[in-house]
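Colleague: I have the chain open on my screen and would like to go through it with you. Can we start with the strands and move on from there?

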Amino acid sequence: AKKKKKKSLSLGEIRSRLWESQMTYFCASFKVLQDELNRKILDSLLDFTRKCSSARQHSDWASQMRANEIPTAALVLGVNVPDHDITFQSLSELLHQSVTPHVASVEAKECGALKHLMKRVLERLMDTVVDDDEEETEHTSTQLHKRVNCSLSALCDWYITKTKKGFKANSSGLLEQQPPVVIIFKDLEAFNPRVLQDFILICSRYIERLPLMFIFGIATSPSTIQRMLPHSVSSLLCIELFQSLSCTQHLATVIDQLILTPQFPFKLNAKVMQVLLSIFLYHDFSVRNFIKGLQLALLEHFHSQPLSVLCCKKKEAVLNVMQLSHRDLERIRQLPSFKRYVEKQESQEQVNLMTDDCHLKETCRKMIKGLHKYHKNYYPILKCLHTLTSALPRYPLGKQIRELHLTCLEKNVWENEDYQSAMKLLNIPIILCDFLSFVLFLTAVVSEMAPSVEDSITSPIKNLQKKTDLFQLQKTLLEMNETRRSKKLSPFEILRNEALEFIDSLVKSHLSPPESQTLHEVCYYSSSATVRRHLNATPRTSIQAALSSPYYYLQNENLKTEDGTVSNAAPDICIAYKLHLECGRLINLYDWLEAYATVVSAADGNDPDSDGYGKVDEVKHARFIRSVSELEFLGFIKSTKQKTDHVARLTWGGC
């Protein structure tokens, strides 16, 4: 029964299940990788909180820390602000599980004033409603038993009540355990400095009664603390610095383990990969947004490519080939890579491939196996080449593996000049940018060598001991190169040349671009324009398109016009926008109003020959003022003092 149910699934349902399974696998893999990357910094923070909590509970705590000093962890996370939420969420969960149940996270946007900050902290720690207005509490006397005052005194009373039931006092009178109260400031730079200063001053007065602990989330640099807090306030904090993994290292790990692997069948072509990397490097440095872009590409691929039913594991893809309908096989015949393959075959084979569906299915099975074999060999050779060339001077093939991967996706990497220069550099026995350091090192080594070993070294190297001038050194190295060509190669040079030739043969065999593989379209997503349109939104362009062509959005037949014109039945803002395009840098409001009234009168169906045609009444005047205010809000115009009753135009052409 189960086998029949599987056979009854349509290819569309199979595609949907494949997308869902790959998305689930990808999200789960990313979460595991994220936890591994954050584990070191999170473990360090947990150790810090435990250390501070345990130090407070011992008798020598006062000697280690002043009574009004608050333990503070300065967590530098980098400018990739969208990724910070994941880190703070994991940190809060770990603190709850292993250190303390009393954790509160606050953001600057909800703490504009001191009372708002105090209220958010108390509400999230005490899980209750907090009053910040005394008058309000008088009118809601019936709910007083559910509310508490907005003060740290109330928090102290609540903490004592919470902890005294679960802990016993030892002989010295101290509590055996007092879980700290951790307050996390997610975006320290965005907080009002005055609010932060007042809050710290108030907290310092309660540190003996309340084991407070702060965690500052910093996006820029630790000097932010000194810039925001004067010495009188910062001296109340016992600050320890924690540095998270940089976003570029984070991205490199994500690409290495989630993209450069044959385990994930979905792939990106060079253009789509370049779009995602450009958004990361030039916009937000957010690995989280990079992953969202990858998920978008995965969704678009399975939605727009019917043959994505073959974008799965090899065994499953081979089975899906046999379920392809005649229509799907015709789609395969239309693929550019398949057409190139057919052109290289003999005439009879071409006929069979284009007419015989069964023969085509068998051929596609072989092609799918070949595509998976290509991926299985591609990534190890890519990583091997990167390891070999990443330390070369000036990084001819890139410092990061993503740069080499992009080069391999675009064209034959061995035809690249940078590849040729990398091979030449690898053929040099010793590569050092600082020639003088090389000479000094070599002189020390040669002086310690045995005479038999010295005789095996070519004579130009012996001469290097006498020359330390940079020009003479370069000249001598050139002479060494010439003499090496004319002399018999040493065993080391023979072995090195054989190794480089072997690596070169591997590169030429396995690092060809994916476009060279038949049926690569089933796995590779190539619509970079779609990804750019969704991820790199241009709101002003969309607004201008809506104002110029309202029919496109409203789908009202009365708004259909010729290109470049706007119907007089269009919304008021569209009419005002079209009229403002005909003006210069400064727009006379009265002339603009009269032109608007004329167009609107035509839309109302008034007789052009009547006396009231085009006259401005109160309703038209009010509608015009609203349209101008909306255009000003959208940034198309602004008020100016250069001329009375004029506004300045801010956009030109397609800008």
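Colleague: Which residue in β12 is the bridge partner of Ile587?

Modeller: Val647 is the bridge partner of Ile587 in β12. Bear in mind that this is a predicted model. β10 and β12 pair in the antiparallel sense, over 3 bridges.

Colleague: And what stands opposite Val647 on the β11 side?

Modeller: Ser639 stands opposite Val647. β11 and β12, the latter covering residues 646-649, are also paired in the antiparallel sense, with 3 bridges. Another bridge there joins Ile637 to Arg649 in β12.

Colleague: So what order do the strands take in the sheet?

Modeller: The order is β10-β12-β11, in an open sheet of 3 strands with antiparallel pairing. β10 (586-588) and β11 (637-639) are the edge strands, each paired on one side only. From one strand to the next the twist averages 40 degrees.

Colleague: How many residues sit between the strands in the hairpin of β11 and β12?

Modeller: There are 6 residues between them, and one residue to look at in that hairpin is Asp645, which takes a positive phi near 60 degrees.

Colleague: Change of topic. Where is Ser90, and what is it in contact with?

Modeller: Ser90 is in helix α4, residues 84-98. Setting aside neighbours within four places in sequence, Ser90 is in contact with Asp35 and Leu42.

Colleague: Buried or exposed?

Modeller: Ser90 counts as buried, because its relative accessibility is 14% and the cut-off for buried is under 20%.

Colleague: Now the nonpolar core. Which residues have the most contacts inside the largest one?

Modeller: Phe266, Val413, Val507 and Leu511, in a core of 82 residues. Helix α18 (residues 357-389) gives the largest share of this core, 11 residues.

Colleague: What is Val507 in contact with?

Modeller: Leaving out neighbours within four places in sequence, the contacts of Val507 are Ile381, Leu385, Val413, Trp414, Tyr419 and Ser512. Apart from the largest core lies another core of 40 residues, among them Ala104, Leu152, Phe216 and Leu237.

Colleague: Next, rings. How many aromatic pairs does the structure hold?

Modeller: It holds 17 aromatic pairs. One of the pairs is Tyr374 with Tyr378, which is tilted, at 5.6 Å centre to centre and 40 degrees between the planes.

Colleague: How far apart are Tyr374 and Tyr378 in helix α18?

Modeller: They are separated by about one helical turn, because they are 4 residues apart in helix α18. Tyr374 counts as buried at 7% relative accessibility, and Tyr378 counts as buried at 2%.

Colleague: Got another pair, one that links distant parts of the chain?

Modeller: Trp592 and Phe624 form an edge-to-face pair, 5.5 Å centre to centre with 90 degrees between the planes. Trp592 is in helix α30 (residues 589-603) and Phe624 in helix α31 (residues 618-634), 32 residues apart.

Colleague: Are those two rings on buried or exposed residues?

Modeller: Trp592 is buried, with a relative accessible area of 3%. Phe624 is buried too, with 5%.

Colleague: Last one. Which residues do ring pairs link into a cluster?

Modeller: Phe185, Phe191, Phe199, Phe214 and Phe216 are linked into a cluster by ring pairs. Phe216 also belongs to the core of 40 residues.

Conventions:
Residues numbered from 1 in each chain as written. Predicted model: local features only at pLDDT ≥ 70, side-chain atom pairs only at ≥ 80, totals over all residues. Heavy atoms only, no water. Pairing = 2+ DSSP bridges. Helix = DSSP H or I, 4+ residues; strand = E, 2+ residues; numbered from the N terminus. Axes fitted to C-alpha atoms, helices over the stretch in contact; angles between N-to-C directions. Buried < 20%, exposed > 50% of the residue type's maximum accessible area, 1.4 Å probe, protein only. Contact = heavy atoms within 4.5 Å. Core = buried A, V, L, I, M, F, W, Y, C linked by side-chain atoms within 4.5 Å. Phe/Tyr/Trp six-rings, centres within 6.5 Å; stacked < 30°, edge-to-face > 60°.
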